[in-house]
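I opened this notebook to keep track of what I looked up, item by item, in the structure shown below. The entries follow the order in which I turned from one part to the next.

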Amino acid sequence: MTNPVSNMKTARGRRVGILALMAGLCVGQMMAPGMVRAQQAPVGTAASAAEQAGERVDKASLIVTQDYWIGPEDVLDITVWRNADLSKEVTVRPDGRISLPLIGDISAVGKTASQLSEDISSRLKEYKENPQVSIVVKEVNSYAIYVLGEVAKPAKYPLKTKTTLLQAITLAGGFTPTAARNKIVVFRFVKDGTGQIKIKAGYDDIVLRDGSKQNIELKPGDQIVVPSETMVIMP
């Protein structure tokens with residue numbers, strides 16, 4: 001003979017078990033997407049952090065210091081205090097100049113932002129009392145060198161970090177068989193942008209002799225020329 005009380009407890013236990021199972025399924029369905037997102041979020045966050053870190057490294061290598069020389073194609077944000085009409089964002093032209101209201105063309109290449117600010121302020125004094133000019137180098141597009149002559153890959157090379165003469169030769173694939181490697185010449189713009197200087201260097205002096213000073217740190221706009229042996233007349 002079955003016990004009615006025991007049967008009722010068993011039935012009640014089954015109903016509770018079924019309800020618990022259904023509740024668990026509902027909770028699982030509700031939580032699953034969130035759990036997937038929670039698992040995926042750190043991966044995405046890590047990837048984004050890595051990308052941002054990489055961008056910061058690239059940007060950090062191109063930080064514009066007070067000694068940075070402005071070059072062609074750089075973008076400058078020029079602000080004249082309390083004068084929006086004279087404030088302007090400009091791109092340095094290939095001839096090294098920029099154009100501004102009232103003062104017209106002014107040379108920018110080879111100058112620091114501070115030097116250019118002083119030049120613009122001096123020119124504006126003819127039209128405005130005590131002009132205050134600030135310049136921010138908004139885009140660095142001139143940070144590049146040119147490797148020419150007897151190298152495997154003569155071209156324009158953008159610079160992302162400090163680069164020496166030997167590193168530039170390596171970027172260009174090294175010397176050709178006819179290269180006069182001890183007659184390397186670097187042409188460099190002078191600070192005021194009015195001309196160029198010529199720096200001579202020899203590969204053997206740098207590598208085999210005590211000529212490490214010839215392995216100069218390159219500046220934006222430097223032109224490295226490796227002549228052919230047939231072009232070298234003087235020893």
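The entries that follow deal with a helix, two groups of paired strands, two single residues and several salt bridges. I note at the outset that I am working from a predicted model.

**Entry 1: helix H2**

I began with helix H2, which covers residues 113–124 and so counts 12 residues. From its first C-alpha to its last I noted a reach of 16 Å, close to the 16 Å expected at 1.5 Å a residue. I then asked which residues of H2 are buried. The list I wrote down is Ala113, Leu116, Ser117, Ile120, Ser121 and Leu124. Looking down the axis of H2, I found these buried residues within an arc of 135°, so they line one face of the helix.

What do the buried residues of H2 pack against? I found four strands on the other side of these contacts: S1 (75–80), S3 (97–100), S4 (104–107) and S5 (133–139). As for direction, H2 lies across S1 and S5, and I noted that the helix runs at about 135° to S5.

**Entry 2: the sheet S2-S1-S5**

I went on to the strands beneath that heading and found an open sheet of 3 strands, in the order S2-S1-S5, with antiparallel pairing. Why is one side of S2 and of S5 left without a neighbour in the sheet? Strand S2 (88–91) and S5 stand at the edges, each with a single partner strand, and therefore each has one side without a neighbour there. Neighbouring strands of this sheet are turned by 25° against each other on average, with direction ignored.

Within the sheet I looked at the pairing of S1 with S5, which is antiparallel and extends over 6 bridges. As one position to keep in mind when viewing the pair, I noted that Thr79 stands opposite Ser134 in S5.

**Entry 3: strand S10 and its partners**

Strand S10, residues 223–226, was my next item, and I asked which of its residues are on the covered face. Ile224 and Val226 make up the covered face, whereas Gln223 and Val225 belong to the uncovered one.

I then looked up how S10 is paired. Strand S6 (residues 144–149) runs parallel to S10 and is joined to it by 4 bridges, while strand S8 (residues 184–189) pairs with S10 in the antiparallel sense over 3 bridges. Val225 appears in both pairings: Leu148 stands opposite Val225, and Val225 is also the bridge partner of Val185.

**Entry 4: Gly195**

I placed Gly195 in the loop between S8 and strand S9 (196–201). With a relative accessibility of 24%, Gly195 counts as partly exposed. Leaving aside neighbours within four places in sequence, I found Gly195 in contact with Arg188, Phe189 and Val190. I also checked Gly195 against Gly110, which is 85 residues away along the chain, and noted a separation of 9.4 Å between their C-alpha atoms.

**Entry 5: Asp204 and Arg181**

Is Asp204, in helix H4 (residues 203–207), buried or exposed? Its relative accessibility is 12%, and since buried means under 20%, Asp204 counts as buried. Not counting residues up to four places away in sequence, Asp204 touches Arg181, Asn182 and Arg209.

With one of these, Arg181, the side chain of Asp204 meets in a salt bridge, at 3.2 Å from N to O. The pair links distant parts of the chain, for Asp204 is in helix H4 and Arg181 is in the loop between helix H3 (165–171) and S8, 23 residues apart. Arg181 is partly exposed, with a relative accessible area of 35%.

**Entry 6: the other salt bridges I looked up**

How many salt bridges does the structure hold? I recorded 7, and beyond the pair of the previous entry I looked up two by their partners. The side chains of Asp205 and Arg209 meet in a salt bridge at 2.8 Å, N to O; Asp205 counts as partly exposed at 26% relative accessibility, whereas Arg209 is exposed, with a relative accessible area of 53%. I also noted that salt bridges that share partners join Arg93, Asp95 and Asp105 into one network. In that network Arg93 forms a salt bridge with Asp95, their closest N and O atoms being 3.2 Å apart, and Arg93 counts as partly exposed at 26% relative accessibility.

How values were computed
Residues are numbered from 1 along each chain as its sequence is written. This is a predicted model: local features need pLDDT of at least 70, side-chain atom pairs count only at pLDDT 80 or more; totals for chains, interfaces and linings use all residues. Side-chain values use heavy atoms; hydrogens and water are left out. Helices (H or I, at least four residues) and strands (E, at least two) are DSSP runs, numbered from the N terminus. The expected span of a helix is 1.5 Å times one less than its number of residues. Buried means under 20% relative accessible area, exposed over 50%, partly exposed in between (1.4 Å probe, protein chains only). The arc is that of the directions from the helix axis to the C-beta atoms. Contact means heavy atoms within 4.5 Å. Two strands pair if DSSP finds at least two bridges between them. Axes are lines fitted to C-alpha atoms, for helices over the stretch in contact, and angles run from 0 to 180 degrees between N-to-C directions. A salt bridge is a side-chain nitrogen of Lys or Arg within 4 Å of a carboxyl oxygen of Asp or Glu.
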